[in-house]
Amino acid sequence: MSRPHDRWLLREPSSTAAARLFCLPYAGAGASVYRRWPARIGPLEVCPVQPPGRENRLREPGATSFPEFGRAAADAIRPYLDRPYAVFGHCMGALLAHSLAVELGRGPEPAPRLLVVSSSRPPHWPPSRRYRLPTPGAVGVYHPSMSTDDLGVEISKVAERQGGELAEELLPLAVRVLRGDLTLCFDSAPERPEPVGCPVSTVAWSSDADVPDDDMTEWAACGPTTPHLLGGDKMAFAEAPKTLLRVIDESWSATISDQAPAEATR
Amino acid sequence: MRPDRERHPTTTLLERAVRGHPGVTDAVAELVDEQGSSLTFVYLSTHDDLTSRRIRSWLHVEHPGRPVPDEIHVVPEIPRHGDCPDWSALRRVRDDAARLRAPYVAADTDTERYLVELWEDMLELDRVGAGDDFFSLGGHSMLAVRIRRAIQRDRGVVVPAELLFINSVLADQARAVDEVGSPAGAEPISS
């Protein structure tokens, strides 16, 4: 009963959307984290991407390097690059989004018009600089040196923050997915900045105890960057707060009018 | 061309009925001819946490015997041009919802019918079909656990959550439940 997009995209992209926004989940999570997002943000159709190794793709091996992920994801969404598009990622999702944007920037299809990254240090920082042990008050901060129990505690906090309670029986599964992602993050760091060939909008969160807005400024090494600082907790991104939707919508309008003046006045 | 479908007696009645719900702030209805059959769609906004499923059961109770809409869509706000509903924007709402669904295939087996009802309850959706995908419909891991527990309670079958994840299409999930439930078919939990 599988349709072609089934494994990588939660739903068949619309044939009438003006533009698309491909959205990548954070470590340990799957495309369902975007379930509270609207179907569209301005002209952009929201298209959550499902990486291998989670949710309905739980038994597929996860990516072992970011470039490998970028290539596989690019191949999967290639049929849907027939109109202008942007890529969004939160936390580790920002690194997935970056690797996808780098790959797509190589062509032959048109490159993304915009990359939006939320609560994530720049991809070219070495893992020792990117990742810290959780500070008091930080939620959803993981480190490979943490024990299975400690990872479980963090995952449960994230679940609570999202209004749910993680069932005991899910913990082993959740930790397994997360361990895979942590390995990916720690074993596959680019040595130098890889530009994405499009503008970058960074989103930092005022109550983010882990990633301060200062740390996000060095995304500028990946492309012309516009920083944004939003009020609240980084986990709020999953609820699609109006402030975040406005950043995405306005960044998109700005980049489209800059890159193709003719199109904007059409 | 924009036919005056909002003035059709059926849609007027539906609008009035739905607006009678205390949680509804605004509602419009349209009648559309699609492939030879007339379908009614209701769009509503709410200041409450109303779902299409709740409105539908409320309509059944409050207006028994009246025609019910084929689809009910809850939107943050009814898009309008002045006083007139923006039908093309509403059509996009309908298309977006439709793309979450596989082409409708009715449940065929006992387990499929059971899962349809369970999913509809858990996801607060109507008309779940055998080809629908749990994650596309808005499902997530914590909901999968509630489904697992319900299956254990109602059917006496212990299905590992992992099996529910990877069999995210309803018909596949029904088959997995049947296999685990049959004496020889239990799949070991891998970790």
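1. Contact here means heavy atoms within 4.5 Å. On that basis, and leaving aside its neighbours within four places in sequence, B:His21 is in contact with B:Leu50, B:Ile55 and B:Trp58. The structure is a predicted model, and the points below should be read with that in mind.

2. The surroundings of B:His21 can be described a little further. The residue sits in the loop of chain B between helix 1 (9–19) and strand 1 (24–34), and B:His21 is buried, because its relative accessible area of 12% falls under the 20% that marks the limit for burial. A polar atom of the side chain of B:His21 lies 2.8 Å from the backbone nitrogen of B:Gly23.

3. Turning to the sheet of chain A, 7 strands form an open sheet in the order 2-3-1-4-5-6-7, with mixed pairing. Strand 2 (40–41) and strand 7 (225–230) of chain A stand at its edges with a single partner strand each, so that one side of each has no neighbour in the sheet. Strands of a sheet pair through backbone hydrogen bonds, and they may do so in the parallel or the antiparallel sense.

4. Strand 1 of chain A takes part in two of these pairings, described here one after the other. With strand 3 (residues 44–48) of chain A, strand 1 of chain A pairs in the parallel sense over 5 bridges, and A:Phe22 stands opposite A:Cys47 in strand 3 of chain A. With strand 4 (residues 85–90) of chain A, strand 1 of chain A also pairs in the parallel sense over 5 bridges, and in this case A:Arg20 stands opposite A:Tyr85 in strand 4 of chain A.

5. Why is strand 1 of chain A described as largely enclosed by the rest of the structure? The reason is that 6 of the 6 residues of this strand (residues 19–24) are buried. In a regular strand the side chains alternate between the two faces of the sheet. Here both faces of strand 1 of chain A are covered, since A:Ala19, A:Leu21 and A:Cys23 on one side are buried, and so are A:Arg20, A:Phe22 and A:Leu24 on the other.

6. At the edge of the sheet, strand 2 of chain A runs antiparallel to strand 3 of chain A, and 2 bridges join them. A:Arg40 stands opposite A:Glu45 in strand 3 of chain A, and both of these residues belong to a network of salt bridges in which A:Arg20, A:Arg40, A:Glu45, A:Asp82, A:Arg83, B:Asp96 and B:Arg99 are linked. The network includes residues of chain A and of chain B.

7. Within this network, A:Arg40 forms a salt bridge with B:Asp96, in which the closest N and O atoms are 2.7 Å apart. The side chain of B:Asp96 also meets that of B:Arg99 in a salt bridge, at 2.3 Å from N to O. B:Asp96 is buried, with a relative accessible area of 9%, and B:Arg99 is likewise buried, with a relative accessible area of 14%.

8. The interface of chain A and chain B takes 25 residues from chain A and 29 residues from chain B. The size of an interface is often given as the accessible area lost when the parts come together; for chain A and chain B about 2,400 Å² is buried between them, 58% of it on carbon and sulfur atoms. Between the two chains the count is 6 salt bridges, and 8 residue pairs are found in polar contact across the interface, both residues being at pLDDT 80 or more. The side of chain A that touches chain B has, by class, 10 nonpolar, 4 polar and 11 charged residues.

9. Over all chains the structure holds 35 salt bridges, and two within chain B deserve a separate look. The side chains of B:Arg53 and B:Glu120 meet in a salt bridge at 3.7 Å from N to O. This pair links distant parts of the chain, with B:Arg53 in helix 2 (residues 52–62) of chain B and B:Glu120 in helix 4 (residues 110–123) of chain B, 67 residues apart. B:Arg53 counts as partly exposed at 23% relative accessibility, whereas B:Glu120 is buried, with a relative accessible area of 15%.

10. The other is the salt bridge of B:Asp49 and B:Arg54, whose side chains meet at 3.5 Å from N to O. B:Asp49 counts as exposed at 52% relative accessibility, while B:Arg54 is partly exposed, with a relative accessible area of 35%.

Notes
Residues numbered from 1 in each chain as written. Chains lettered and ligands numbered in written order. Predicted model: local features only at pLDDT ≥ 70, side-chain atom pairs only at ≥ 80, totals over all residues. Heavy atoms only, no water. Buried area = accessible area lost by both parts, 1.4 Å probe. Salt bridge = Lys/Arg side-chain N within 4 Å of Asp/Glu carboxyl O. Polar contact = N/O pair within 3.5 Å; in protein donor to acceptor, adjacent residues only side chain to side chain. Nonpolar A, V, L, I, M, F, W, Y, C, P; charged D, E, K, R; others polar. Buried < 20%, exposed > 50% of the residue type's maximum accessible area, 1.4 Å probe, protein only. Helix = DSSP H or I, 4+ residues; strand = E, 2+ residues; numbered from the N terminus. Pairing = 2+ DSSP bridges.
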